[in-house]
Amino acid sequence: MAFDIDEYLVKPGDKVDLSGIDTRSTPFWDPDDKEEGKAHLPDLQQRMESLQELLWAEGRNRVLVVLQAMDAGGKDGTIRHVFEGVNPSGVRVAAFKRPSEKELSHDYLWRVHQEVPGDGELVVFNRSHYEDVLVVRVEELVDEERWRRRFRHIVEFERMLADEGTTIVKIYLHISKDEQKERLQARLDEPNKNWKFETGDLVPRAKWKQYQQAFEDVLSETSTEFAPWYVIPADRKWYRNLAVSEILIQTLDGLDMAYPPPEEGLDQVVID
Ligand code: ATP
Ligand code: MG
């Protein structure tokens, strides 16, 4: 599969219209070949594993992956599938829930900055500082003047991280309202999924249009050369896993990493 990740890239300055992006499309795979698609994932997981090992061994780059989606958009499933088999020492997931009182008593980037990756690390943000211009905007938790300013802060915050050596990739998992209904329904119907169901998730669902608008603004205002957004059609989970894997693999590949040179004279070493 020649997978052109630029297909999903939001070019800086582009105005994104999410209603024009098909959530079921699979441009780099025949949708009838779902089983072959699923069977291809282990190859990508292995590539991911070796690239991540190199990242960790080299200890020079820092990689931040931001994942955003509507509820049941597949953030958890993506993380489970794409990172299966990576070395847990070098990979961390930071989930951003409703802020605590202490977090709320600081600026909104305070809790976020503490979780960014260090040398050799790959960190996945499961939700992120973008909640502060998404849920916070739609639920009117702060006034418009305040959340609008945040686009600028966020771009500058990410620019600083990038300038200081962090590679940033941001992924929006794009699902349809119908697909969300099916997934939420499955959480109700299947006893072992009940724990995932929250009646609270129905609130953002009822404001679907407003959330899509908020996502469109996020994607249009904050996709930059140094911290690009990718919009992934995510109704088909198997395709989503392939697409996200490809984006991360190609990004890591672009870092031109190498194992650190061995100590001198290793060939003389005798272990008795
Ligand atoms: P799942 O998809 O498994 O339910 P989740 O990411 O929805 O996982 P939850 O604990 O259910 O995790 O939800 C986190 C909630 O916290 C979301 O509703 C999100 O909008 C909210 N949240 C995150 N950051 C903020 C923020 N800065 N201000 C207000 N709410 C926030
Ligand atoms: Mg939830």
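Select T78 to begin: leaving out residues up to four places away in sequence, T78 touches L67, F83, L173, R240, N241 and V244. Before you go on, keep in mind that you are looking at a predicted model.

**Stop 1: T78 and its surroundings**

With T78 still selected, show the helices, and you will find T78 in helix α2. Is T78 buried or exposed? T78 counts as buried because its relative accessibility is 2%, and the cut-off for buried is under 20%. Now add G74 to your selection and look at its backbone oxygen: the side chain of T78 reaches that atom at 2.6 Å.

**Stop 2: A72, in the loop before α2**

Step back along the chain to A72, which sits in the loop between β1 (62-69) and α2. If your viewer shows backbone angles, check phi here: the value for A72 is near 65°, which is positive in a residue other than glycine. A72 is also a buried residue, with a relative accessible area of 10%.

**Stop 3: ligand 1**

Next, select ligand 1 and show the residues around it. Which of the 15 residues around ligand 1 come nearest? They are K97, R127, E131, D132 and E198. Colour helices α2 (75-82) and α5 (135-138) too, since each of them supplies at least two residues of the shell around ligand 1.

Here are three distances to look for, one at a time:

- Pick K97, where a polar side-chain atom lies 3.0 Å from an oxygen atom of ligand 1.
- Pick R111, where an N or O atom of the side chain is 3.1 Å from a nitrogen atom of ligand 1.
- Pick R127, where a polar atom of the side chain is 2.6 Å from an oxygen atom of ligand 1.

Switch on a surface for the protein and look at ligand 1 again. On its own, ligand 1 has 640 Å² of accessible area, and the protein covers 86% of that.

**Stop 4: two arginines beside the ligand**

Stay with R127 for a moment. R127 lies in the loop between β3 (122-126) and α5. Its phi is near 65°, a positive value in a residue that is not glycine.

Then move to R111, which you will find in helix α4 (residues 110-113). R111 is buried, with a relative accessible area of 10%. Which residues does R111 contact, leaving aside neighbours within four places in sequence? The answer is F96, K97, R98, P99 and E103. Zoom in on K97 among these: its backbone oxygen lies 2.8 Å from a polar atom of the R111 side chain.

**Stop 5: helix α6**

Select residues 144-163 to highlight helix α6. Two residues deserve a click here.

The first click is F157, which lies in α6 and is buried, with a relative accessible area of 9%. Beyond its neighbours within four places in sequence, F157 is in contact with L109, V112, H113, V116 and H129. For a longer look across the model, draw a line from F157 to D217: these residues are 60 apart along the chain, and their C-alpha atoms are separated by 18 Å.

The second click is A162, also placed in α6. Setting aside neighbours within four places in sequence, A162 is in contact with I168 and F226. Try another line, this time from A162 to M257: they are 95 residues apart along the chain, with 17 Å between their C-alpha atoms.

**Stop 6: the two sides of helix α7**

Select residues 177-189, which make up helix α7 with its 13 residues. From its first C-alpha to its last, α7 reaches 18 Å, close to the 18 Å expected at 1.5 Å a residue. Colour E179, Q180, R183, L184, A186 and R187, which are the buried residues to look for in α7. Why do they fall on the same side of α7? They do so because they cover an arc of only 150° around the axis. As background, an α-helix has 3.6 residues a turn, so residues three or four places apart point the same way.

Turn α7 around to its other side, where D178, E182 and D189 are exposed. Then show what covers the buried residues of α7, including α8 (202-206), α9 (208-222) and α10 (237-253).

**Stop 7: helix α9**

Finish by selecting α9, which has 15 residues and reaches 21 Å from its first C-alpha to its last, close to the 21 Å expected. How many of the 15 residues of α9 are buried? The count is 11, so α9 is mostly covered. Among the buried ones you can click on W208, Y211, F215 and D217.

Conventions: Residues numbered from 1 in each chain as written. Chains lettered and ligands numbered in written order. Predicted model: local features only at pLDDT ≥ 70, side-chain atom pairs only at ≥ 80, totals over all residues. Heavy atoms only, no water. Helix = DSSP H or I, 4+ residues; strand = E, 2+ residues; numbered from the N terminus. Expected span 1.5 Å × (residues − 1). Buried < 20%, exposed > 50% of the residue type's maximum accessible area, 1.4 Å probe, protein only. Arc of directions from axis to C-beta. Contact = heavy atoms within 4.5 Å. Near = heavy atom within 4 Å. Polar contact = N/O pair within 3.5 Å; in protein donor to acceptor, adjacent residues only side chain to side chain. Areas by Shrake-Rupley, 256 points an atom, 1.4 Å probe, with all protein chains shown as cover.
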